[in-house]
Amino acid sequence: MMSDHVDGPRSIGDPPADVTDLFAFISPENPVRTVLAMCVFPSAGESAIFSNVIDHAIAVRRVTVAGVGEAAKFQPAHKEIRFSFRFEVLERDAAGNVVQRGTCTLPDGRELSLIVNDEKGASTPEGDVRVFAGLRSDPFYLAVIASDLRKVPNLLQHDNVLCAVVEFDTHRLLNPAAGSLFGAIAETVPARSPAGNVSHPVARIDWVGKPEQTNIRLTNPGLRGAEDIRDLWNQQKPFEISKELQPLFLQRLKDSFADWDMRDGKADWTPEALSANANIFLDDFLLFDVAKPITDESHLEIEKSTLYGRPYQTGGGRTIDANVIDILLTWLVNRDRKFLQGGATQATKPGMKVFPYFAMPNTDLQSVEDCVELAAAADAVWSVIGQFNLDWHPLVAQVRLTGAGTGQLRRIEARDGGEVVERLEEVDNAKRLYRYTLVAGIPACHYIGTIKVTPRGDGCVAEWSVQYQADNQPDIVVRARVATLLKTGLGSLKSRFGGAT
């Protein structure tokens, strides 16, 4: 589970359309302005771009409290305040640099042109709205395994996403004098195209209200054998869930919440309160009140207070640094009896206090290293692993070499059916060392591997190191794959040459 990252088969198959997160908070730079932001494209690589055939939108509706306690209800208005981003194909600017341009259409129809990754963003002539779109460090962090509530390090460490940010004059665009409580959603919608002869375009690809509707509340690892209904949910119209399907979704929420409640072996929710909680989450939109303080801790406070039958005290919403996973799990598992802190207290990089608020993307190279001490002479070991063909590695089924010396290519067919292509960049037989780079086959860029053998006593040490940057896959996935490659390869040398004593 990853917030709303990879939240269903459809979005897994179309990462640029996968809405990962939605945020609503008061600007820390200027308290009379509100910030709404959406993120897409989980584990986006450095060259990730926004899709030019998808509209990215954040929609807001005014909300009233229509019931409290076990009858808690939040009623959205019909009028929608919509910010819509559309992006174009890549082009070159006057200096020859590749750029992507886009347009943000504001609720009143004004259009604001922007350039992706322009740190300054773009502002309207009136100065009441400014927008940004580009690659940023993923602000979400997940540091618990849902199945057993086990603490782990942040599973999204070093990951990036594409962010679309809109900051605006609160009074001019929201008119809080008419009501300061709002609900927000973010969605990706295919650019409209004519219906075909046998089908019609999908209404939307993905949408998000409160974080974790799909991957924790509707999809619960404790509900064995339950059908995956995330795609069905993602096809619903935000603010207006199909009346025919509401009973299905509501029952799933009730079953899920009952299971979460017993994860610690203690029932903290009465059946009535659990049902009321499910009703609240069925109406899925991110609640925020622009007249009250929105802090890192205020997420879900509006919902909780209303369920308890008391006036809410904060602006709810969601800040960039809000710990939404632990806040939600604590509420579901023990109704805030004891805070369930995961294995991390912040994302890879905390948010900024100035526009565009999301931290710069992660660009540092990551390293994986391994070594083994062997009871054989360095020259004997190098005569085997110093060959670029890699046929000594137990995970390799076949290798085809093209060319010779520096620049030589090896096409590796792995025993699991995968294929990797690498290029020899440097070889020094006197130092028993060679370096190579990745061409294709691993979701990484700036990938450099080094194999070397160094004498030690009567034996030697074989070392293998890789530097890389994950590209369109989580760093943890790439790291695990590379670490397995190194460990398995070096480990096989012990049986061949004997380990050092």
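**Exercises on helix α10, the sheet around β14 and the largest pocket**

**Exercise 1.** Work out what span the 23 residues of helix α10 should have, and compare it with the distance between its end C-alpha atoms.

*Solution.* Helix α10 covers residues 475-497, and at 1.5 Å a residue (the expected span being 1.5 Å times one less than the number of residues) it should span 33 Å, which agrees with the 33 Å between its end C-alpha atoms. Helices here are DSSP runs of H or I with at least four residues, strands are runs of E with at least two, and both are numbered from the N terminus. The model is a predicted one, in which local features need pLDDT of at least 70 and side-chain atom pairs count only at pLDDT 80 or more, whereas totals for chains, interfaces and linings use all residues. Residues are numbered from 1 along each chain as its sequence is written, and side-chain values use heavy atoms, with hydrogens and water left out.

**Exercise 2.** Which residues of α10 are buried, and against which elements do they pack?

*Solution.* Buried means under 20% relative accessible area, exposed over 50% and partly exposed in between, with a 1.4 Å probe and protein chains only. By this criterion the buried residues of α10 are D475, V478, V482, L485, L486, G489, L490, S492, L493 and F497. They pack, with contact meaning heavy atoms within 4.5 Å, against β18 (366-374), α9 (378-385), β23 (444-456) and β24 (459-470). Just after the helix, G498 takes a positive phi of about 85°.

**Exercise 3.** Place N160 in its strand, and then place that strand in its sheet.

*Solution.* N160 lies in strand β14, residues 160-169, and counts as buried because its relative accessibility is 4%. Leaving aside residues up to four places away in sequence, N160 touches ten residues' worth of neighbours listed as F41, P42, S43, A44, L135, R136, S137, D138, P361 and N362. Strand β14 belongs to an open sheet of five strands with the order β1-β2-β14-β11-β10 and antiparallel pairing, where two strands pair if DSSP finds at least two bridges between them. The edge strands, each pairing on one side only, are β1 (19-26) and β10 (122-123). Nine bridges join β14 to the antiparallel strand β11, residues 129-137, and F132 stands opposite V165 in β14.

**Exercise 4.** Which element gives the largest share of the lining of the largest pocket?

*Solution.* The largest share, four residues, comes from α10. The lining residues divide into eleven nonpolar, three polar and six charged, where Ala, Val, Leu, Ile, Met, Phe, Trp, Tyr, Cys and Pro count as nonpolar, Asp, Glu, Lys and Arg as charged, and the others, Gly among them, as polar.
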